Structure formats: structure tokens, C-alpha cells
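Student: I am new to this structure and should like to understand the terms used to describe it. May we go through them one by one?

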Amino acid sequence: MKSSVLLTLAMGVLCSAHIVITYPGWRGNNLITNSTFPYGMQWMFPCGGMGTSRNRTYWPTTGGAVAFQPGWFRGHETAMLYVNMGFGTDGPDLGPKNMSFPMVPPFQVLGPTNGPYPGTVCLPQVPLPRNMEVQPGDLATIQVVELAVHGAALYSCVDIEFVEPGDRRVPEVNETNCFNTTELGFAEAYTITTREPVYNGINGDPAAVNHDQSGAETLARMSWAGWLPILAGSVWAML
Ligand SMILES: *[C@@H]1O[C@H](CO)[C@@H](O)[C@H](O)[C@H]1NC(C)=O
Ligand SMILES: *[C@@H]1O[C@H](CO)[C@@H](O)[C@H](O)[C@H]1NC(C)=O
Ligand SMILES: *[C@@H]1O[C@H](CO)[C@@H](O)[C@H](O)[C@H]1NC(C)=O
Ligand SMILES: *[C@@H]1O[C@H](CO)[C@@H](O)[C@H](O)[C@H]1NC(C)=O
Ligand SMILES: *[C@@H]1O[C@H](CO)[C@@H](O)[C@H](O)[C@H]1NC(C)=O
């Protein structure tokens, strides 16, 4: 039954679709390729070319379910998945300023083939980003990012309004809208450090090379470091 529904869906949109957020909803159909988006709309950061929804859906202040279909296009035999949150409406198009708050560790989906495939992934309890607290009525956006085999990223978003857990406006989560298809596997992602970074900058302060540093400063610093051997070389040549 479930698989026949999926198959029917698959037949309908097989050729055009990439990633579809099936729960709690999405900004709308961005599975479009036309002369404005010659490579396809879903490649556009941050939300696949879709503007902020005026029809927000409701999601619990304690976190909740997110479900999506990752395999609607070629190139996702394996796919890295990221689920992020952006807060508020101070950004472009009354959306968030950024989507910089990860909600789950990135994970990999193992698909049956590199061609398009049907199938649904359900994360039944996605928590709020770490250290974030929200109140009923706060507005936010959930972003699902899918990296294809070749590393390019597809984006899809859903705009939400937070409500108390159990609020009847939260769409029901059940086995028809939130389940893992058996054909899909999952892998946890690890990295292995092969070389620790060495901080030997101008003042040798590791804290100076951190995320808060502006790109320009980092660049200036990097080019300084790059020039040092050359400068040293010319001093030696002058001696
Ligand atoms: C909001 O409206 C758009 C356009 O009609 C629709 O595609 C989308 O599914 C709706 N989103 C929600 C969360 O209801
Ligand atoms: C391409 O599709 C988008 C989304 O529907 C639309 O906003 C845009 O105007 C379209 N471009 C052309 C050239 O039709
Ligand atoms: C990202 O968004 C958060 C929440 O809206 C905001 O507090 C923060 O300043 C933003 N960061 C940047 C770099 O704009
Ligand atoms: C599952 O929940 C959806 C609403 O999110 C509802 O439309 C659907 O009828 C429910 N299915 C079952 C089997 O209860
Ligand atoms: C689906 O699989 C993911 C990854 O293993 C897991 O976190 C999630 O709980 C599963 N969903 C359901 C409904 O079992």
C-alpha cells in the first residue's frame, strides 16, 4: 500500500523533482528548470529559490518531526543531509538572517541507485538547535540541505510558527506521512584528522584564527604568512 502510493508519486514527478519536504510542509514547488534557473531552482541558497511563505505551518517549541523524499533526481546514490534552522524575519524577504543553526548532525542516506528513486526519510524528533529556546508565536525556518554525490547542494525550506507541544494546529505525525522506506539505508558520518593545524601566525594566538574573524582579516593574515618565507629569502639574498 505504502509502496504503491510512493510509486504513483514517483511516476508523477520522476523527471523533475529533487528533494521534497513531506512533513511539516514546504515553501512550494521549486522543482523547476527554466531560463531563469537553467540548472534548476533547488540549487539556489538558502531555500531553493523560493521566497518566504506567508502560509506558515505550526511546529512544537520542543522540536518535532521532519520528513522528506531525497531521491527525486539523478546523483543521489549517496547523499549527505543537513537540517538547519534560521530564526525570525529580519532577513531578506521577511525570512531569517541566516540558516546557521544545525539541528541534527549531518548524516548520509544510502540510496538504491544513482538514478531517481522513490522513498521517504522521517526524523521523528528533530530537536531545536543547541542552546536555543523559543516561545510560542516565534517564527523560524527549517532548511533541508542535500549534497549530491558530486558535492553540490540542493535546498528546500519550510517556514514555521512555534506553538506549544500538543497544539492541535501541528499537523499530525503518523505512519503515512513520516516513515523510513526500507530501500533507503543510513550512515553516520565521521572525519579522521590527518594533520592538526599549526598556529604559527604573527602573534601565535590560536584564538585569533576563529570563526568570528572576518574574511578580510583571515585573508590578510594568510597572505602575510604566505609572504614570510619570501621576505626571509630576500633578506638572506641581500646579506
Ligand atoms: C503554502 O502555499 C504554497 C502555494 O500554494 C504551497 O505550495 C505550499 O505547500 C504551502 N505551504 C504550507 C506549509 O502549507
Ligand atoms: C522560472 O520559474 C520561476 C519559478 O516559477 C519563475 O519565478 C520565473 O519567472 C521563471 N522564469 C521564466 C523565464 O519563465
Ligand atoms: C544569524 O541569525 C541569528 C538569529 O537571527 C542572529 O542572532 C545572528 O546575528 C545572525 N548571524 C549573522 C552573522 O548575521
Ligand atoms: C496522517 O496525518 C495526516 C495529517 O498530517 C492526515 O491527513 C492523514 O489522514 C493521517 N493518516 C492516518 C492514517 O491517520
Ligand atoms: C529513520 O532513520 C533515521 C536514521 O537512522 C532515524 O534517526 C529515524 O529515527 C528513523 N525514523 C523512524 C520513523 O524510525
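Tutor: The discussion below takes up exposure, the nonpolar core, the ligand shells and the cis peptide bonds.

Tutor: This is a predicted model, in which local features need pLDDT of at least 70 and side-chain atom pairs count only at pLDDT 80 or more, while totals for chains, interfaces and linings use all residues. Residues are numbered from 1 along each chain as its sequence is written, and chains are lettered from A and ligands numbered from 1 in the order in which they are written.

Student: Why is aspartate 93 called exposed?

Tutor: A residue is exposed if 12 or fewer other C-beta atoms, placed from the backbone, lie within 10 Å of its own, buried if there are 20 or more, and partly exposed in between. Aspartate 93 has 10 within 10 Å, and therefore it is exposed. Aspartate 93 lies in the loop between E4 and strand E5 (101-102); strands are DSSP runs (E, at least two residues) numbered from the N terminus. Its phi is near 55°, a positive value in a residue other than glycine.

Student: What makes asparagine 131 count as exposed or buried?

Tutor: Asparagine 131 has 6 C-beta neighbours inside 10 Å, so it counts as exposed. Asparagine 131 is placed in the loop between E7 and E8, and its phi, near 65°, is likewise positive.

Student: What makes a set of residues a nonpolar core?

Tutor: The set must consist of buried Ala, Val, Leu, Ile, Met, Phe, Trp, Tyr and Cys residues joined through C-beta atoms within 7 Å. The largest such core here has 33 residues, and those with the most contacts inside it are Val66, Ala67, Phe68 and Ile142. Its largest share, six residues, comes from E9.

Student: Which residues does valine 66 touch?

Tutor: Leaving aside residues up to four places away in sequence, valine 66 touches Tyr23, Val83, Leu123, Val126 and Ile142. Contact requires C-beta atoms, placed from the backbone, within 7 Å of each other.

Student: How do you know which residues surround ligand 3?

Tutor: A residue is near a molecule if its C-beta atom, placed from the backbone, lies within 6 Å of it. For ligand 3 these residues are Phe87, Gly88, Pro96, Lys97, Asn98 and Ser100. The shell divides into two nonpolar, three polar and one charged.

Student: Which peptide bond of tyrosine 23 is cis?

Tutor: The bond joining tyrosine 23 and proline 24 is cis, with omega about 5°. The bond from phenylalanine 45 to proline 46 is also cis, with omega near 0°.

Conventions
Nonpolar A, V, L, I, M, F, W, Y, C, P; charged D, E, K, R; others polar. Helix = DSSP H or I, 4+ residues; strand = E, 2+ residues; numbered from the N terminus. Contact = placed C-beta atoms within 7 Å.
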